[in-house]
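Work through these exercises with the sequence and the 3D view open. Try each task before reading its solution.

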Amino acid sequence: RLVPAAAAAGTPAAAALFQAPGGEPGGALCLVPEHAGKLLLLLGALPHGAIKFSHTLPGLVETSNNLASLTPSATASSTPSATPSATYTLVTSTRSSIGPALEAVRDSIQGVAELAGGVVERGRAYPGWTPNPDSALLQVTRDVYRSALGGREAHVGAVHAGLECGILGEKFPGMDMVSFGPTIRGAHSPEEGVLLESVAPFYDLTLQILGRLADRRARRSA
């Protein structure tokens, strides 16, 4: 049977740990069919991939879970003749632009893992940032972009990924925000780089947006 093992430290999102006896003393470690079946049932029951799409922006994934890795490690027994055991660490990563939806999925993952006999460690979730197509700051940014680039319209979209705006929004609820910048290629990889010729235009655009916001504030204060 699967029995709880001690939780490992430093897991990035949520980790379910299981300890199962298997293998012969001094031989290769393996799972008997009963234990392997329970582990396979757990893998099949956990969500993986897109869970819900956004109603605000069609086609945008709102909530998802990534069944990232399953890692076995042999555990030595204090008794030389005893059957060795293995601890299986299952790591998942959950994302959502809506905080309660994210925690609901994490609750579900924890419940399924505990039913299977696992011990769950939940790391701190990366906060979401809900898209707001009616953002006043977004409209200012689009207007300035259009003026600065001779009538070209900015491409406005949302991504299913972690952005610093989510952290800022958690600290300052209700803050109006946009995220934009120069062209980056190969993000989060050893080949990550920035297109240098795109840096100066976005820097100038940022200054113009700040100037437009300062003018609006001055008019309201007058």
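Helices and strands here are DSSP runs, with at least four residues for a helix and at least two for a strand, numbered from the N terminus. With those labels, glycine 128 is placed in the loop between β6 (119-122) and α3. The model is a predicted one.

**Exercise 1. The whole chain**

Task: State how many helices and strands the protein chain has, and in which pattern they follow.

Solution. Start with the count: the protein chain has 5 helices and 8 strands. Next, read along the sequence: the pattern is β-β-α-β-β-β-α-β-α-α-β-β-α. Then turn to burial: of the 222 residues, 27% are buried. Last, take the contacts with a separation of 6 or more: 60% of them are between residues 24 or more positions apart.

**Exercise 2. Glycine 128 and serine 97**

Task: Decide whether serine 97 counts as buried or exposed, and find what glycine 128 touches.

Solution. First locate serine 97: it lies in the loop between β5 (85-96) and α2 (99-115). Its relative accessibility is 16%. Buried means under 20%, so serine 97 counts as buried. Beyond four places in sequence, serine 97 is in contact with Glu62, Gly128, Trp129, Thr130 and Pro131.

Now move to glycine 128. Its relative accessible area is 28%, so it is partly exposed. Not counting residues up to four places away, glycine 128 touches Ser96, Ser97 and Gly166. Check the last of these along the chain: glycine 128 and glycine 166 are 38 residues apart, yet their C-alpha atoms are separated by 5.0 Å.

**Exercise 3. The faces of α1**

Task: Find which residues of α1 are buried, and how they are arranged around the axis.

Solution. Begin with the helix: α1 covers residues 33-45, 13 residues in total. From first C-alpha to last, α1 reaches 18 Å, close to the 18 Å expected at 1.5 Å a residue. Its buried residues are His35, Leu39 and Leu42. Seen down the axis of α1, these fall within an arc of 55 degrees, so they line one face of the helix. On the other side of α1, the exposed residues are Pro33, Glu34, Leu40, Leu41 and Gly44.

**Exercise 4. Two helices that cross**

Task: Describe how α3 and α5 cross.

Solution. Two packed helices are described by the angle between their axes and the distance between the axes. Take helix α3 (residues 136-148) and helix α5 (residues 199-221): their axes come within 10 Å and cross at roughly 125 degrees. That angle makes α3 oblique to α5. The crossing of α3 and α5 is right-handed. Among the residues making the contact are Leu137, Val140 and Val144 of α3, and Leu205, Ile209 and Leu213 of α5.

**Exercise 5. Isoleucine 51**

Task: Place isoleucine 51 and list its contacts.

Solution. Isoleucine 51 lies in strand β3 (residues 49-53). At 41% relative accessibility, isoleucine 51 counts as partly exposed. Not counting residues up to four places away, isoleucine 51 touches Thr63, Ser64, Asn65 and Val105. Valine 105 is 54 residues away along the chain, and the C-alpha atoms of the pair are separated by 9.0 Å.

**Exercise 6. An unusual phi**

Task: State what phi histidine 188 has.

Solution. Most residues other than glycine have a negative phi. Histidine 188 is not a glycine, yet its phi is positive, about 60 degrees. Histidine 188 lies in the loop between β7 (184-185) and β8 (193-194). With a relative accessible area of 79%, histidine 188 is exposed.

Notes:
Residues are numbered from 1 along each chain as its sequence is written. This is a predicted model: local features need pLDDT of at least 70, side-chain atom pairs count only at pLDDT 80 or more; totals for chains, interfaces and linings use all residues. Side-chain values use heavy atoms; hydrogens and water are left out. Buried means under 20% relative accessible area, exposed over 50%, partly exposed in between (1.4 Å probe, protein chains only). The expected span of a helix is 1.5 Å times one less than its number of residues. The arc is that of the directions from the helix axis to the C-beta atoms. Axes are lines fitted to C-alpha atoms, for helices over the stretch in contact, and angles run from 0 to 180 degrees between N-to-C directions. Angles under 35 degrees count as roughly parallel, over 145 as roughly antiparallel, 65 to 115 as roughly perpendicular and the rest as oblique. A crossing is left-handed if the near helix is turned anticlockwise from the far one by less than a right angle, and right-handed if clockwise. Contact means heavy atoms within 4.5 Å.
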